[in-house]
Amino acid sequence: MTFEEFLKSLGHTPEQIKAIVDGMKTNKIYTASEENLDTRYGKLKTDNESVAKQLTEAQNLIEQLKKDNGSNETLQTKVSEYEGTVATLQEQLTIEKLESAIKISLLSIGCKDVDYVAFKLKEKGELSLDENGKVKGMDEKLAALKTQFPTQFESKEDTKIEEQKLPDDKNNQDKDTAPTNMADALKQHYEPKE
């Protein structure tokens, strides 16, 4: 439900809704955590599509240049170097995405030492990302890590502290025997009463 639909459900007329929305923009009151999110999102989406189109065109141009200049060894060497660089960068990007996904998963369940637990997780075997950008089988792996390293994860259980009170002064009419420090209080508590 949009904000306008919400206002309409409250019984506001379209003119009132337009006045409220325009007034919010004028007074810089936004319904999202970012200012002008609708405008910024549209611009970013357009920019992304433009960059993707340019990338596709550049890749097509490289392929065409490779075909047209098959005998030009210098150009072929540069193209091969470029392709090697792109492959290396893609591999680094995949590794960084995996590292980030692991750390996000560990932080979301309250891991205390993310680097150590991530190291132990990698020791257990090959990790890979699924189509959603999350580590495959992470729930099972996290459960095993919680069992193997319970001190590395925050406990959700509430620990109850039993309150120990000093003996009540009502039975003791002599005010001079009140403890003045913790040692006196402990001594009075544990010594047999006469």
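The questions and answers below concern a predicted model of one chain.

Me: Which secondary structure elements does the chain contain, and how many of them are helices?
Reply: From the N terminus on, the order of elements reads α-α-α-α-α-α-α. Strands number zero in the predicted model, and the count of helices is seven.

Me: What percentage of the residues in the chain are buried?
Reply: A residue is taken as buried when its relative accessible area is under 20%. The chain has 194 residues, and the buried part of them is 13%.

Me: What share of the contacts in the chain with a separation of 6 or more comes from residues 24 or more positions apart?
Reply: A contact here requires heavy atoms within 4.5 Å. Among contacts with a separation of 6 or more, the part due to residues 24 or more positions apart is 41%.

Me: Is S105 buried or exposed?
Reply: S105 sits in helix α4, which spans residues 73-108. The limit for a buried residue is under 20% relative accessible area. S105 has a relative accessibility of 17%, so S105 counts as buried.

Me: Which backbone oxygen lies 3.0 Å from a polar atom of the side chain of S105?
Reply: S105 belongs to α4. A polar atom of its side chain is 3.0 Å from a backbone oxygen, and the residue that carries this oxygen is A101.

Me: Which residues is S105 in contact with, leaving aside its neighbours within four places in sequence?
Reply: Helix α6 covers residues 138-148. With neighbours within four places in sequence set aside, the contacts of S105 are M138 and L142.

Me: How are α4 and α5 oriented to each other?
Reply: Helix α5 runs over residues 114-123, and its axis comes within 10 Å of that of α4, crossing at roughly 120°. The crossing is right-handed. Angles from 65 to 115 degrees would count as roughly perpendicular, and those over 145 as roughly antiparallel. The pair is therefore oblique.

Me: How do the residues of the contact of α4 with α5 divide into nonpolar, polar and charged?
Reply: On the α4 side the contact involves E99, I102, K103, L106 and L107, and on the α5 side V114, D115, V117, A118, L121 and K122. They divide into seven nonpolar, no polar and four charged.

Me: Which residues in α6 meet V117, K120 and L121 in α5?
Reply: The axes of α5 and α6 are 11 Å apart, at an angle of about 115°. That makes the two helices roughly perpendicular, and α5 passes α6 in a right-handed crossing. V117, K120 and L121 in α5 meet three partners in α6, namely M138, K141 and L145.

Me: Where is H189 found, and how far apart in space are H189 and L166, C-alpha to C-alpha?
Reply: H189 is found in helix α7, residues 182-190. Its relative accessibility is 40%, so H189 counts as partly exposed. H189 and L166 are separated by 23 residues in sequence, while their C-alpha to C-alpha distance is 7.2 Å.

How values were computed: Residues are numbered from 1 along each chain as its sequence is written. This is a predicted model: local features need pLDDT of at least 70, side-chain atom pairs count only at pLDDT 80 or more; totals for chains, interfaces and linings use all residues. Side-chain values use heavy atoms; hydrogens and water are left out. Helices (H or I, at least four residues) and strands (E, at least two) are DSSP runs, numbered from the N terminus. Buried means under 20% relative accessible area, exposed over 50%, partly exposed in between (1.4 Å probe, protein chains only). A polar contact is a pair of N or O atoms within 3.5 Å; within protein, one must be able to donate a hydrogen and the other to accept it, and residues adjacent in sequence count only if both atoms are side-chain atoms. Axes are lines fitted to C-alpha atoms, for helices over the stretch in contact, and angles run from 0 to 180 degrees between N-to-C directions. Angles under 35 degrees count as roughly parallel, over 145 as roughly antiparallel, 65 to 115 as roughly perpendicular and the rest as oblique. A crossing is left-handed if the near helix is turned anticlockwise from the far one by less than a right angle, and right-handed if clockwise. Ala, Val, Leu, Ile, Met, Phe, Trp, Tyr, Cys and Pro count as nonpolar, Asp, Glu, Lys and Arg as charged, and the others, Gly among them, as polar.
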